[in-house]
Amino acid sequence: MVVGDEAGTVDIFEEIPAILVVIVAVFIFLMTIAEGFVSYSERREEDRLTQQLESFCDSILSFELLLFGSEIGRFDSFRLDAEGREKLHDSFRPDMLGFHYNVTIADVGLYEEKYDWSAGEEVRESALSRTTSVPVIISNAYGQNHPAMMRVTIWEV
Amino acid sequence: MRSIGNTNGQAAAFDAIMFLAILLVASTLILGVSTHLRQAEDVSEFSDLHTLTTRTSNALLGSTVPNASYVDVEGGVIVSKDISVLDMMVEELLLVQSGVPENNFDGDGRYNHRITQVLSSLVDEDRFQFELCGRYMDVSVSFGEAGGQTDTAARMTEIFLPGVTQPIQITLSIWPC
């Protein structure tokens, strides 16, 4: 036991290990809270972008100017050209949508003639993007219905 | 809690360790909630699975192939051009029900081969498994894996023929790998 003026000094040294433990505990707790907050924020952002993607995808599937016989999910091979690309761009401008997009339709049918088509911008590397693939049909004037996969990617810059 | 003499430092350390333990428990709870939020994405994927199955079914049954064939009861090869998957399945079920052997539709370029080709091209087999099943009366044909998983989404299409009460049922089931 220490007496006199030196007692306080010794007490401080005795409690250094305890203070270190408290600092570590608080650090771990704060890091966990930060991780939880980041996780929650990311999830909310992802959910928002996912909803935008679903809505945008539905809009393209029912975009009258590209459809065959106004049937949702059935595109007209004759309309999948540069003009169709412009029409899509005019109707879905990125500055109005609030995100950028790329739409690619890959003809996966067994026919020799393919109706591959794409619109929008080149996909950019971005921190937050969402992609979905949707089975669709491309119909032509000869009664052929080509199975195809439409891939839609949206992203924010 | 404070004590005197040599135990001062030990008491402080004990308090600190208790504090650490409480914060570790709190941190674990926060991490648990955070992990749960991430796992909850599976729920939205499951709801999307129904949309995917509906869209895949529509695209599949409406798609046509350049040519497909089968062997009739007399051994002749019947070739159909620009025939849809739906028409192939209906025709196959009706013919098998009327006595054409099931294996007359198997083989390269035959109905079953063409249906499998279109189905495989429309489903991402790295992520999903599928079963396409057609039934008419006591006859059934199926493609893909056998289903039965709990998180399966299914889409049934029924076709009623004139004068027949029992419909032809075509069901596409899709589930994650």
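**Exercise 1.** In this predicted model, determine which residue forms a salt bridge with Arg48(A), and work out how the two are placed in helix α2 of chain A.

*Solution.* Begin with the distance criterion, under which a side-chain nitrogen of Lys or Arg has to lie within 4 Å of a carboxyl oxygen of Asp or Glu. The partner that satisfies it is Glu45(A), with the closest N and O atoms 2.7 Å apart. Next, look at the positions along the chain: because Arg48(A) and Glu45(A) are three residues apart in helix α2 of chain A, about one helical turn separates them. Finally, set this pair in its context, which is a total of nine salt bridges over all chains of the structure.

**Exercise 2.** Find how many salt bridges cross the interface of chain A and chain B, and describe what else makes up this interface.

*Solution.* The rule finds one salt bridge across the interface, and Arg55(B) forms a salt bridge with Asp58(A), where the closest N and O atoms are 2.5 Å apart. Across the interface of the two chains, seven residue pairs are in polar contact, both residues being at pLDDT 80 or more. On the side of chain A that touches chain B, the elements giving two or more residues are α1, α2, β4 and β5 of chain A, and α2(A) gives the most, with 20 residues. Sorted by class, the residues of that side are 23 nonpolar, eight polar and nine charged.

Now turn to the extent of the contact, which takes 40 residues from chain A and 39 residues from chain B. Between them the chains bury about 3,200 Å², of which 62% is on carbon and sulfur atoms. In chain A the most area is lost to chain B by Arg43(A), Leu110(A) and Pro135(A), which together account for 19% of what that side buries.

**Exercise 3.** Describe how helices α3 and α4 of chain B cross, and list the residues that make the contact.

*Solution.* First take the geometry: the axes of α3(B), residues 85-97, and α4(B), residues 111-122, come within 10 Å and cross at roughly 145 degrees, and the crossing is left-handed. Then collect the residues in contact, which are Val85(B), Met88(B), Met89(B), Glu91(B) and Glu92(B) from α3(B), together with Tyr111(B), Asn112(B), Arg114(B), Ile115(B) and Val118(B) from α4(B). By class, this contact has six nonpolar, one polar and three charged residues.

Note on methods. Residues are numbered from 1 along each chain as its sequence is written. Chains are lettered from A and ligands numbered from 1 in the order in which they are written. This is a predicted model: local features need pLDDT of at least 70, side-chain atom pairs count only at pLDDT 80 or more; totals for chains, interfaces and linings use all residues. Side-chain values use heavy atoms; hydrogens and water are left out. Axes are lines fitted to C-alpha atoms, for helices over the stretch in contact, and angles run from 0 to 180 degrees between N-to-C directions. Helices (H or I, at least four residues) and strands (E, at least two) are DSSP runs, numbered from the N terminus. A crossing is left-handed if the near helix is turned anticlockwise from the far one by less than a right angle, and right-handed if clockwise. Contact means heavy atoms within 4.5 Å. Ala, Val, Leu, Ile, Met, Phe, Trp, Tyr, Cys and Pro count as nonpolar, Asp, Glu, Lys and Arg as charged, and the others, Gly among them, as polar. Buried area is the accessible area (1.4 Å probe) that two parts lose on being put together, summed over both. A polar contact is a pair of N or O atoms within 3.5 Å; within protein, one must be able to donate a hydrogen and the other to accept it, and residues adjacent in sequence count only if both atoms are side-chain atoms.
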